[in-house]
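The following exercises concern a predicted model. Each task is followed by a solution that proceeds step by step.

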Amino acid sequence: MKSFKCADMGKDCSWIAKADNLSELVEKIFRHAAISHNVKQIPVYRKYKIASSIKDV
Ligand SMILES: [Zn+2]
């Protein structure tokens, strides 16, 4: 299982995502970014940061 903490992106946010696989998790992260942080387009350097913040649990 993969997990991701929004706080690891430097946001003041307690949102945590978990998913069975990476593509499902990334989808959840993008949806959360759009809904909660009004981020519609994620720049490439942010995607790398997201990728490095994802942990195996
Ligand atoms: Zn967040």
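**Exercise 1.** Determine where Asn 38 is found and describe its backbone and its surroundings.

*Solution.* Step one: Asn 38 is found in the loop between H1 and helix H2 (44-53). Step two: the position is just after H1, and Asn 38 takes a positive phi of about 55° there. Step three: Asn 38 has this positive phi although it is not a glycine. Step four: 7 other C-beta atoms lie within 10 Å of Asn 38. A residue counts as exposed if 12 or fewer such atoms are present, so Asn 38 is exposed.

**Exercise 2.** Check whether the span of helix H1 agrees or disagrees with its number of residues.

*Solution.* Helix H1 covers residues 22-37, which is 16 residues. The expected span uses 1.5 Å times one less than the number of residues, and for H1 this should come to 22 Å. The end C-alpha atoms of H1 are 21 Å apart, which agrees with the expectation.

**Exercise 3.** Derive the order of the strands in the sheet and identify which strands stand at the edges.

*Solution.* Begin with the pairings. Strand E1 (residues 2-5) is joined to E2 by four bridges, and the two run antiparallel. In this pair, Lys 5 has Ile 16 of E2 as its bridge partner. E1 is also joined to E3, by two bridges, and these strands likewise run antiparallel. Here Lys 2 has Asp 56 of E3 as its bridge partner.

Next, combine the pairings: the result is an open sheet of three strands in the order E2-E1-E3, with antiparallel pairing. Strand E2 (16-19) and strand E3 (55-56) each have a single partner strand and therefore stand at the edges, with one side of each left without a neighbour in the sheet. Finally, place the helix: H1 packs on the sheet and touches E1 and E2, and its direction makes about 155° with that of E2.

**Exercise 4.** State which pattern the chain follows along the sequence.

*Solution.* The chain has two helices and three strands. Read along the sequence, these elements follow the pattern β-β-α-α-β.

**Exercise 5.** Classify Ile 50 as buried, partly exposed or exposed, and list which residues it touches.

*Solution.* Ile 50 has its place in helix H2. There are 19 other C-beta atoms within 10 Å of Ile 50. The class "buried" requires 20 or more, so Ile 50 is partly exposed. Leaving aside residues up to four places away in sequence, Ile 50 touches Met 9 and Ile 29. Ile 50 and Ser 23 are 27 residues apart in sequence, and their C-alpha atoms are 12 Å apart in space.

**Exercise 6.** Assess whether the radius of gyration of the chain agrees or disagrees with that of a compact globule.

*Solution.* With 57 residues, a compact globule would have a radius of gyration near 10 Å; the chain has 10 Å, which agrees. The C-alpha atoms fill a box of roughly 25 × 20 × 15 Å along the principal axes. Of the 57 residues, 7% count as buried. Among contacts between residues at least 6 apart in sequence, 36% join residues at least 24 apart.

Key. Residues are numbered from 1 along each chain as its sequence is written. This is a predicted model: local features need pLDDT of at least 70, side-chain atom pairs count only at pLDDT 80 or more; totals for chains, interfaces and linings use all residues. Two strands pair if DSSP finds at least two bridges between them. Two residues are in contact if their C-beta atoms, placed from the backbone, lie within 7 Å. Axes are lines fitted to C-alpha atoms, for helices over the stretch in contact, and angles run from 0 to 180 degrees between N-to-C directions. The radius of gyration is taken over C-alpha atoms; the globule rule is 2.2 Å times the number of residues to the power 0.38.
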